Amino acid sequence: MLGISPDRAILNPLAGVPLGHIAKHAATRTTASKIADSAARRDAACIERYSLQDQARKLVPHERVARCGRFLSPQQTAVEVLHSPGDKRAHYSRLERCGSVWLCPDCAAKVSEKRRIELAQAVAATVAAGGAVYMVTYTVQHHLGSDLEGLLDKFGASQRWMTGHRTYREKICPAYQIFGGVRALETNHGCNGWHPHYHSLLFLSYPLDAAQLAELEAALRALWARAAAKQGLAMNEHGLSLRATGGAVADYVSKYGRDPECSPWGIESELAKSHVKRARDGGATPWDLLRRYRAGDVQAGQLWREYAGVFKGRQQLVWSPNLRALLGLEEEVSDAAAAAVLPGDAVHLGWITLADWLIVLRYGQRGHLLNVASAGDWERVRLFVADLCAMRLADRRRRGLEPPETPAPLLPPRQLHFFASL
Ligand SMILES: [Zn+2]
């Protein structure tokens with residue numbers, strides 16, 4: 001059996017303890033069980049990211065996502081495992097990273113978390129200065145069988161036409177004191193085919209009342225209808241919506257820095273992580289398509305491959321010029337750089353030799369290994385890997401492949417010596 005045996009439970013820990021102590025203990029247990037639930041969700045998410053990445057690798061084996069988190073970086077000879085005591089998580093180092101927010105579930109999680117934090121800072125700075133942030137969603141009518149690439153190109157052209165139009169720049173923005181925006185692209189797939197859409201945050205110097213909000217929505221909707229028509233697209237009554245942010249931002253900002261794991265799904269999450277969330281409307285996000293493919297749905301795999309070819313290389317998040325500087329944010333880093341960032345408190349935990357790493361990959365255990373390492377105890381990781389190696393040996397024996405494979409034959413003697421010293 002894989003993994004580490006659980007510690008022995010202590011029987012009847014509350015025997016003979018007064019009731020008041022039991023109540024106190026129960027409260028502690030409730031908190032403890034919440035922490036355990038959160039950790040279990042986090043562990044499951046880690047395993048799921050690697051599992052979905054494996055599906056992506058099968059569908060697009062020549063893209064960088066197929067090497068991401070599997071191949072050693074140039075000049076490296078072993079996989080390093082780091083541990084971050086702050087959030088009790090483990091990380092791999094010295095592996096290639098693809099940095100794709102579209103194709104790679106693991107990189108997308110890392111990049112979108114960084115983007116979310118930046119957006120939260122931008123929203124917080126605006127609100128602190130007496131301003132307000134609203135979210136606009138732009139969509140167009142779409143049909144089953146629509147060509148995704150053609151639809152996306154026209155959709156992008158419509159958006160550029162609208163935000164470059166005099167009515168938008170010289171009338172709408174000054175009238176409502178809109179001083180910047182951040183636009184995020186995403187798509188899902190439903191019964192009407194591909195559904196690309198933009199979420200856009202509008203940064204205003206002052207909050208709007210309900211009447212002003214309705215006026216702004218009407219003005220944007222009219223201009224968006226013209227923009228879509230210019231490209232031969234049509235919008236229906238759902239083509240544009242404007243949403244006040246309500247308390248979500250305030251809630252988020254008040255909790256920011258203390259408990260990010262449990263923060264509410266604020267608009268900054270909507271924008272930065274909409275791409276990685278699960279679709280709410282019955283449609284499928286790109287990751288849902290990978291899940292369906294994993295379950296045997298070949299058509300879902302074909303759709304995902306089409307999506308990957310069209311979205312690869314496109315920018316997911318676009319800030320209006322000067323907005324970051326205006327709000328005191330640092331210069332934006334590339335997706336690849338954002339995906340490679342490790343927590344500042346991450347420290348070395350141990351090395352995994354190339355021979356062992358190949359076994360970890362063979363059994364699809366990258367996520368499980370990180371979860372074991374999140375305890376910060378290398379001995380647990382060593383036992384986990386030893387379990388995998390024993391399983392590999394047993395598999396080979398079952399298939400009549402004795403004697404066992406020679407260790408690390410791919411490495412030159414100098415590197416074998418390096419492994420021997422670890
Ligand atoms: Zn990646």
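This note sets out numbered points on the fold, cores and strand pairing of a predicted model.

1. Overall composition. The protein contains 15 helices and 8 strands. Of its 422 residues, 31% are buried. Among contacts between residues at least 6 apart in sequence, 74% join residues at least 24 apart.

2. The largest nonpolar core. This core has 58 residues, and the members that touch the most others are Cys104, Cys107 and Trp304. Helix α2 (residues 105-128) supplies the largest share, with 7 residues. Residues come both from domain 1 (6-17 + 34-100 + 346-420) and from domain 2 (105-340), so the core lies between the two domains. A second core, separate from this one, has 17 residues, including Val79, Ala90, Leu370 and Val385.

3. Surroundings of cysteine 104. With neighbours within four places in sequence left aside, cysteine 104 is in contact with Gln53, Ala56, Val65, Cys68 and Cys98. One of these partners, Gln53, is taken up in the next point.

4. Glutamine 53. This residue belongs to helix α1 (residues 19-59). Is glutamine 53 buried or exposed? It has 24 C-beta neighbours inside 10 Å, and because the threshold is 20 or more, glutamine 53 counts as buried. Outside its neighbours within four places in sequence, its contacts are Val65, Cys68, Gly69, Cys104, Pro105 and Asp106. Glutamine 53 and proline 105 lie 52 residues apart along the chain, yet their C-alpha atoms are separated by 5.8 Å.

5. The β1-β2 hairpin. Strand β1 (residues 78-84) pairs with strand β2 (residues 89-93) in the antiparallel sense, over 5 bridges. Within this pair, leucine 82 stands opposite histidine 91 of β2. The hairpin has 4 residues between its strands, and lysine 88 takes a positive phi near 55°.

6. The five-stranded sheet. An open sheet is formed by 5 strands in the order β6-β3-β5-β4-β7, with antiparallel pairing. Strands β6 (240-244) and β7 (317-319) are at the edges; each has a single partner strand, so one side of each is left without a neighbour in the sheet. On average, neighbouring strands of the sheet are turned by 20° against each other, direction ignored.

7. Pairing of β4 within the sheet. Which strands flank β4 in the sheet order? They are β5 and β7. Strands β4 and β5 run antiparallel and are joined by 12 bridges, and a hairpin connects β4 to β5 through 2 residues. In this pairing, glycine 180 has phenylalanine 203 of β5 as its bridge partner. Strand β4 (residues 178-190) is also joined to β7 by 3 bridges, again in the antiparallel sense. There, valine 182 is partnered by tryptophan 319 of β7, and alanine 184 by leucine 317.

8. Helix packing on the sheet. Helix α2 lies across β3 (132-138), β4, β5 (193-204) and β7, and runs at about 130° to β3. Helix α2 is also the element that gives 7 residues to the largest core.

9. Helix α4. Of the 10 residues in helix α4 (residues 166-175), the number buried is 1, so this helix lies largely in the open. Just after α4, glutamine 177 takes a positive phi of about 50°.

Conventions:
Residues are numbered from 1 along each chain as its sequence is written. This is a predicted model: local features need pLDDT of at least 70, side-chain atom pairs count only at pLDDT 80 or more; totals for chains, interfaces and linings use all residues. A nonpolar core is a set of buried Ala, Val, Leu, Ile, Met, Phe, Trp, Tyr and Cys residues joined through C-beta atoms within 7 Å. A residue is buried if 20 or more other C-beta atoms lie within 10 Å of its own, exposed if 12 or fewer, and partly exposed in between; C-beta atoms are placed from the backbone. Domain bounds come from an automatic or database domain assignment. Two residues are in contact if their C-beta atoms, placed from the backbone, lie within 7 Å. Two strands pair if DSSP finds at least two bridges between them. Axes are lines fitted to C-alpha atoms, for helices over the stretch in contact, and angles run from 0 to 180 degrees between N-to-C directions.
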